[in-house]
Amino acid sequence: MSISPNEVPFAGTVPSPKTENEGMITGSWRTRRPILDTDKCTECLICWISCPDSSIKSTTAGMEFNLKYCKGCGICNEVCPVGAISLVPELDFED
Amino acid sequence: MVSSNKLFEEPGLKQITVWARGVYENKEARDVVVALTEAAAKEGKYVQAWENYVDLPDRIYVPVRAYGKISDQPIESKYVYENETPDIVVLTEETLVKGIDILEGIRPGAVLVVNTKRPAEYLFKFITKGTENLKSIITVDASSLAKSIITLSGAEGATDASGIGKGLGAPLAAAVVKATGIVTFENLLSIIANKQAAKTAYDKAQVVEVKRLVNAG
């Protein structure tokens with residue numbers, strides 16, 4: 001909320017190839033957190049390509065959420081064909 | 001830069017800051033301050049209610065703020081466009097306690113009103129800054145009493161066709177009145193549309209002293 005205007009990138013854009021922008025941390029927008037059921041997940045990458053904030057990464061350990069930027073929009077939950085992603089109220093987590 | 005709270009000595013001034021989630025609770029934040037200030041105006045107070053321009057245009061879920069000022073003297077700081085030292089902080093949604101400095105600059109004896117089903121003890125764990133000036137936390141389950149109304153009517157100073165206090169704003173304003181007595185409950189009821197929700201919230205709101213929470217650890 002209270003960062004200096006100089007630190008805010010013009011029109012919220014980030015120079016390529018950066019994937020994170022310290023001036024636009026949006027994790028505090030989230031009211032529901034996406035939780036992955038790894039048993040159900042087939043790693044089809046539909047959530048990865050659908051995430052508007054590019055907050056889902058495909059790693060060797062499976063899909064991972066970047067909660068620093070995840071706004072909790074719930075699109076991943078909506079598009080998952082096997083129902084592996086559920087949305088849990090953010091305040092259920094103490095971290 | 002001189003802070004504007006040192007520029008104006010206004011002992012009678014009470015500042016209300018309402019935090020909400022962008023777009024879907026925007027009207028509710030506005031309703032809380034408009035209802036409280038309109039009720040105070042009925043009592044002959046000097047009032048102001050507006051939204052934070054820095055937060056606008058809002059996007060879905062982005063934290064936005066609405067402000068109110070109530071004073072028994074003419075408001076000198078009327079062109080200061082943010083409440084720097086709030087006396088009353090209201091959250092229209094419980095998750096706002098997490099990761100946002102909601103209590104920034106609060107004056108001693110300030111109160112926090114939260115729309116939540118959870119106990120104040122649990123919410124208090126998430127509030128990391130500014131609790132030394134906080135007097136009490138008021139929890140009210142406003143979402144079970146009223147629904148959030150998503151409309152552009154009433155935005156940017158236009159007439160609100162849906163009515164002041166039609167949604168969540170009514171129970172939250174009632175909880176503020178219960179906690180602070182900043183206006184009389186009768187005057188508040190005469191302003192807001194959803195009177196039943198306000199009455200239930202006035203009865204059911206839980207007031208928890210922060211001193212007790214600190215002692216309990």
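**Exercise 1.** In this predicted model, which pattern does chain A follow along the sequence?

*Solution.* Read chain A along the sequence and you get β-α-β-β-α-β. Now tally the elements: chain A has two helices and four strands.

**Exercise 2.** What share of the 95 residues in chain A is buried, and what does the chain expose?

*Solution.* Start with the cut-off: a residue is buried when its relative accessible area is under 20%. By that rule, 31% of the 95 residues in chain A are buried. Then turn to the outside: chain A exposes about 5,900 Å², with carbon and sulfur atoms supplying 55% of that area. For the overall dimensions, the C-alpha atoms fill a box of roughly 45 × 30 × 20 Å along the principal axes.

**Exercise 3.** How many positive and negative side chains does chain A have?

*Solution.* Count each kind: 8 side chains are positive and 13 are negative. Next, find the centre of each set; the two centres lie 5 Å apart.

**Exercise 4.** Hop over to chain B. Which strands pair with E4(B), and are the faces of E4(B) covered or open?

*Solution.* Step one: strand E1 (residues 14-21) of chain B runs parallel to E4(B), joined by four bridges. For one of the partners, look at B:Thr17, which is bridged to B:Val89.

Step two: strand E5 (residues 110-115) of chain B also pairs with E4(B) in the parallel sense, over four bridges. Here B:Leu91 stands opposite B:Val114.

Step three: check the faces of E4 (residues 88-91). B:Ile88 and B:Val90 are buried on one side, B:Val89 and B:Leu91 are buried on the other, and both faces are covered.

Technical notes
Residues numbered from 1 in each chain as written. Chains lettered and ligands numbered in written order. Predicted model: local features only at pLDDT ≥ 70, side-chain atom pairs only at ≥ 80, totals over all residues. Heavy atoms only, no water. Buried < 20%, exposed > 50% of the residue type's maximum accessible area, 1.4 Å probe, protein only. Areas by Shrake-Rupley, 256 points an atom, 1.4 Å probe, with all protein chains shown as cover. Pairing = 2+ DSSP bridges.
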